[in-house]
Amino acid sequence: MLTTLAIVFVFGSMVMIHEFGHYIVAKWIGVKVIEFSFGFGPKIVGYQGKETLYALRVVPLGGFVKLHGMDAEIDEKGQAVIASNKDARSFMNKPVWQRMAVIAAGPVMNFVLAIIMFVSVFAYMGIPAPDSSNMIGTLVKDKPAAASGIQPGDRIIAVNQELTPDWASLTEAIHSKPDQVLSLTIERGADKQRRTISVKTEKDAQTGFWIIGIGPEVTYVHASILESTRVGIGRSVDFTKLIIVTLTQMITGKIPADVGGPVMIAQVIGEGAKEGFSNLLGLTGILSIQLGLINLFPIPALDGSRLVFLLIEGLRGKPLNPEKENMIHLVGFVLLMGLMLAVTYKDVLRLFVKAG
């Protein structure tokens, strides 16, 4: 039950804030919004506003916004109706920059949600106090470090002979070495006896970092909302940079393309929920950044491709052929669904292999 509620919360908040971005900017520039729904499938309940239907649908894992003039609409007789070129409330009759603003607002709101999530965590728990130590405080169960013989209280002073005088340099050295066996130089005990331990990095399903499963002794200090906001924005920027670098390395083949689908994400969300609400908020922030970035990719059927088409229209001074554009989006959607099925199948196989 906890996992189900967590999945609905994470997916629902990410998708609805995305759609709210489209909705609010469309309203702002004067586009008629026909429907704003939470969920998919048959309608459970709905409220018909002055011009917009607000509805709750059966499958609570997303939502959508229907804009007047963006696609052909169906009248009471079942006939397709195309908005008139003189219809000022039609999406297609708005200037290119305004339509681009509507499309871009969805991904932008995903970054806003990430900031809200991180700020909420820091405002509730406090901000981690600066730690210049390279001493290990905790070991994560079933991770490489725990099985290697490393102990809490050890200091990792070098990774592959690269000095790590503080925790920042230590984590950077580990994160930058995907799927590699590391040679760790540690100091143990009051007499600081040195020894070398080998441990292999593995990819963390929640963050995408390459890790060995260690953590520092963390002390949280109370912070004001302003300070929590500053740190929350900084954390959002850091994760955005990391995700971009990781995706770039996957595309260029520098690291293996290890992509998780809905099954894997649901599993990670369930594990995150068991570790506490603050952990779930942080995970929601990371996933929201990923959703925002992926939607900006110029892939047909995603917001990024629509932005590219609008940019081309602005440069040409006239739109592309609507039928050709719709066909490109349709083909892109089919390919995305095929990729999603393939990734989901891979996720299910992982679960069976793990269970076996």
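1. Start with Glu187. At 13% relative accessibility, Glu187 counts as buried, because the cut-off for buried is under 20%. Glu187 forms a salt bridge with Arg194. The closest N and O atoms of this pair are 3.3 Å apart. Arg194 sits at 60% relative accessibility and therefore counts as exposed. Here, then, a buried residue meets an exposed one. Keep in mind throughout that this is a predicted model.

2. Next, look at the strands around that pair. Strand S9 covers residues 181–188, and strand S10 covers 193–200. S9 and S10 pair in the antiparallel sense, over 8 bridges. One place to check is Arg188, whose bridge partner in S10 is Gln193. Strands of a sheet pair through backbone hydrogen bonds, either parallel or antiparallel.

3. Now step back to the whole sheet. The sheet is open and has 4 strands. Their order is S8-S7-S9-S10, and the pairing is antiparallel. Which strands are at the edges? They are S8 (162–163) and S10, each of which pairs on one side only.

4. Arg188 deserves a second look. Its side chain meets that of Asp154 in a salt bridge, at 2.8 Å from N to O. This pair links distant parts of the chain, 34 residues apart. Asp154 is in the loop between helix H3 (144–148) and strand S7 (155–159), while Arg188 is in strand S9. Are the two residues buried or exposed? Asp154 is buried, and so is Arg188.

5. Another salt bridge joins Glu313 and Arg99, with the closest N and O atoms 2.7 Å apart. This pair also links distant parts of the chain: the two residues are 214 residues apart. Glu313 belongs to helix H8 (residues 303–316), and Arg99 belongs to helix H2 (residues 96–125). Both Glu313 and Arg99 are buried.

6. How many salt bridges are there? The count comes to 10. Beyond single pairs, look for a network of salt bridges that links Lys27, Glu51 and Arg89.

7. Turn to the surface. Phe40, Ile44, Val45, Leu56, Val58, Val59 and Leu61 form a nonpolar patch there. Together they have about 560 Å² of accessible area. Strand S1 (33–48) and strand S2 (53–67) each supply at least two residues of the patch. Which strand gives the most? S2 does, with 4 residues. Leu61 is a good example to find, as its place is in strand S2. With a relative accessible area of 38%, Leu61 is partly exposed. That label fits because partly exposed lies between the 20% and 50% cut-offs.

8. Finish with helix H5, residues 225–252. Two of its residues are worth comparing by eye. Val237 is in H5 and counts as partly exposed, at 38% relative accessibility. Leu226 also lies in H5, but Leu226 counts as exposed, at 73% relative accessibility.

9. Both residues can be set against a partner far along the chain. Val237 and Ala114 are 123 residues apart along the chain, yet their C-alpha atoms are separated by 9.8 Å. Leu226 and Val119 are 107 residues apart along the chain, with 9.2 Å between their C-alpha atoms.

How values were computed. Residues numbered from 1 in each chain as written. Predicted model: local features only at pLDDT ≥ 70, side-chain atom pairs only at ≥ 80, totals over all residues. Heavy atoms only, no water. Pairing = 2+ DSSP bridges. Buried < 20%, exposed > 50% of the residue type's maximum accessible area, 1.4 Å probe, protein only. Patch = residues over 30% accessible without salt bridge, like charges linked within 9 Å, V, L, I, M, F, W, Y side chains within 5 Å. Areas by Shrake-Rupley, 256 points an atom, 1.4 Å probe, with all protein chains shown as cover. Salt bridge = Lys/Arg side-chain N within 4 Å of Asp/Glu carboxyl O.
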